[in-house]
Each structure stands twice: as structure tokens, then as C-alpha cells.
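Please walk me through this protein step by step, in the way you would for someone who is meeting a structure for the first time. I would like to follow the reasoning from single residues to the larger arrangement.

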Amino acid sequence: MTTIAELLDPMLRAARAAQWSAYRQGFDALREALSSQLAADEDLRMRLDMLNAAAPEHDPQGYLSELEDLLAVLEERGLAAIEAQAPAPAIDLRGLQPPEPIMRIFQALQRSPAEPLRVILPHEPVPLYTLLRERGFSYSGCQRSDGGYELLIRAS
């Protein structure tokens with residue numbers, strides 16, 4: 001099983017190399033692995049929210065500094081050594097005609113609203129974002145190296 005620290009290592013390498021797509025995938029896995037801690041730790045949740053909202057490509061050095069601070073906080077609190085659960089498998093929705101991808105996303109969310117949902121789409125689903133927010137879901141995503149777009153959806 002992978003520890004939180006082992007999730008952070010490739011994230012830091014990707015961030016230092018300005019490989020933001022790979023970094024974002026690692027960040028989403030880290031956030032998912034720490035999800036059980038976030039309800040009880042407001043400071044940790046705020047740090048992750050800040051990193052999630054930032055645009056690291058505009059200030060890579062400042063972003064790396066914040067990321068390294070996060071690692072220090074996790075180590076200080078003994079969270080770096082805890083085991084991280086494997087991320088949920090992604091549902092590949094490429095190749096489906098609209099509105100089928102959105103329908104399948106909402107069907108999956110209806111079946112398991114408390115479980116994070118990872119989907120792969122052919123492009124960034126900007127129209128979906130308002131629908132998710134209206135229904136109480138948050139999301140983060142990134143462009144994949146294969147041209148698709150990976151989105152992680154979770155209950156707010």
C-alpha cells in the first residue's frame with residue numbers, strides 16, 4: 001500500500017519539472033487520500049483548497065514553497081506515514097454522444113453520492129460545472145497526456 005509521503009514524492013517531482021497535468025493528477029489522488037482527515041482538520045483543508053485554486057504555472061516557485069510547507073505539516077502531524085487508499089477507478093466516457101456522458105455521471109452520483117467519482121471525457125466539460133455546483137458537488141480536473149480530460153467529482 002502507498003503512504004501519503006509516497007504520493008507526494010512524484011507530485012513534487014512533477015511540479016519541479018513544470019509538468020502540471022501529471023502534478024494535478026497526483027494532487028487529486030492526495031486530496032482523495034486525505035479526505036477523511038479534512039473534516040476534522042480545518043487548517044489542512046484550507047491548505048489543500050488554496051493549492052487546488054492556485055495556478056502554479058504562473059508562480060512555480062511560490063507554489064513549490066507552499067507544497068513543501070504542506071509536506072512539512074503532514075510530516076509534523078504524522079499524516080505522511082499513513083496509508084493512502086487507491087483512487088477510485090475512472091469511468092471512461094469518451095466516444096459517447098452528448099448528453100450521454102452527463103447522464104451517466106449523474107446516474108453514478110445518484111447511486112453513490114458520498115463516493116468520489118473519477119471520469120475521463122474527451123474535453124473539459126465546462127457546461128457540467130454549473131450543474132455539479134447546483135447539486136452540491138465540487139470538482140477538480142486536468143488535461144491528460146492522451147488528450148482526454150480527467151475529472152474528479154465529490155460531494156461538497
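Leaving aside its neighbours within four places in sequence, which residues is Y139 in contact with? Before turning to that, it should be said that this is a predicted model, with a mean pLDDT of 85 for the protein chain and 95% of its residues at 70 or more. Confidence is lowest in helix α3, residues 35–38, where the mean is 72, and highest in helix α6, residues 100–111, where it reaches 95. Where pLDDT is low, the predicted coordinates should not be read in detail.

Y139 lies in strand β5, and once neighbours within four places in sequence are set aside, its contacts are Y129, L132, R133, L151, L152 and I153. One of these partners, L151, is 12 residues away from Y139 in sequence, yet the two C-alpha atoms are 6.8 Å apart in space. Y139 counts as partly exposed because its relative accessible area is 22%, and the boundary for a buried residue is under 20%.

A second strand residue can be read in the same manner. I91 has its place in strand β3 and touches L117, R118, V119 and I120, again not counting residues up to four places away in sequence. The C-alpha atoms of I91 and R118 are separated by 6.3 Å, although their positions lie 27 residues apart along the chain. With a relative accessible area of 36%, I91 is partly exposed.

The helices offer another view, and α5 is a useful place to begin. How far should its 17 residues span, at 1.5 Å a residue? The expected span for helix α5, residues 60–76, is 24 Å, and its end C-alpha atoms are indeed 24 Å apart, so expectation and model agree. The buried residues of α5 are Y63, L64, L67, L70, L71, V73 and L74, and what covers them includes α1 (4–16), α2 (20–33) and α4 (42–53). Just after α5, G78 takes a positive phi of about 75°.

Several of these helices meet again in the largest nonpolar core, which has 27 residues, and those with the most contacts inside it are I4, Y23, L30, L48, L67, L70 and L74. The elements giving two or more residues to this core are α1, α2, α4 and α5, and the largest share, seven residues, comes from α1. L30 shows how such a core residue is surrounded, for it is in contact with I4, L7, L8, M11, L48 and L70 when its neighbours within four places in sequence are left aside. Apart from this core lies another, of 15 residues, among them L93, A108, V119 and L121.

Is F27, which is found in helix α2, buried or exposed? F27 counts as buried because its relative accessibility is 0%. Leaving aside neighbours within four places in sequence, F27 is in contact with M11, L48, L51 and N52. The C-alpha atoms of F27 and L121, by comparison, are 19 Å apart, with the two residues 94 places from each other along the chain.

The backbone also deserves a careful look. Most residues other than glycine have a negative phi, and most peptide bonds are trans. A18, in the loop between α1 and α2, has a positive phi near 60° although it is not a glycine, and its relative accessible area of 44% makes it partly exposed. The peptide bond from P98 to P99 is cis, with omega near 5°, and P99 lies in the loop between β3 (90–92) and α6.

Finally, there is the empty space to consider. The largest pocket has a volume of about 360 Å³, and of the 15 residues that line it, the closest to its centre are R31, S138, R154, A155 and S156. The elements that give two or more residues to this lining are α3, α4, β5 (137–143) and β6. One of the central residues, A155, has its place in strand β6, residues 149–155, and touches P113, G136, F137 and S138, not counting residues up to four places away in sequence. A155 is partly exposed, with a relative accessible area of 38%.

Notes. Residues numbered from 1 in each chain as written. Predicted model: local features only at pLDDT ≥ 70, side-chain atom pairs only at ≥ 80, totals over all residues. Heavy atoms only, no water. pLDDT = per-residue confidence, 0-100. Helix = DSSP H or I, 4+ residues; strand = E, 2+ residues; numbered from the N terminus. Expected span 1.5 Å × (residues − 1). Buried < 20%, exposed > 50% of the residue type's maximum accessible area, 1.4 Å probe, protein only. Contact = heavy atoms within 4.5 Å. Core = buried A, V, L, I, M, F, W, Y, C linked by side-chain atoms within 4.5 Å. 1 Å grid on protein atoms, 1.4 Å probe; cavity = no way out; pocket = protein on both sides within 12 Å on 5 of 7 lines; lining within 4 Å. Points joined across faces, edges and corners; volume = space filled by probe spheres on them.
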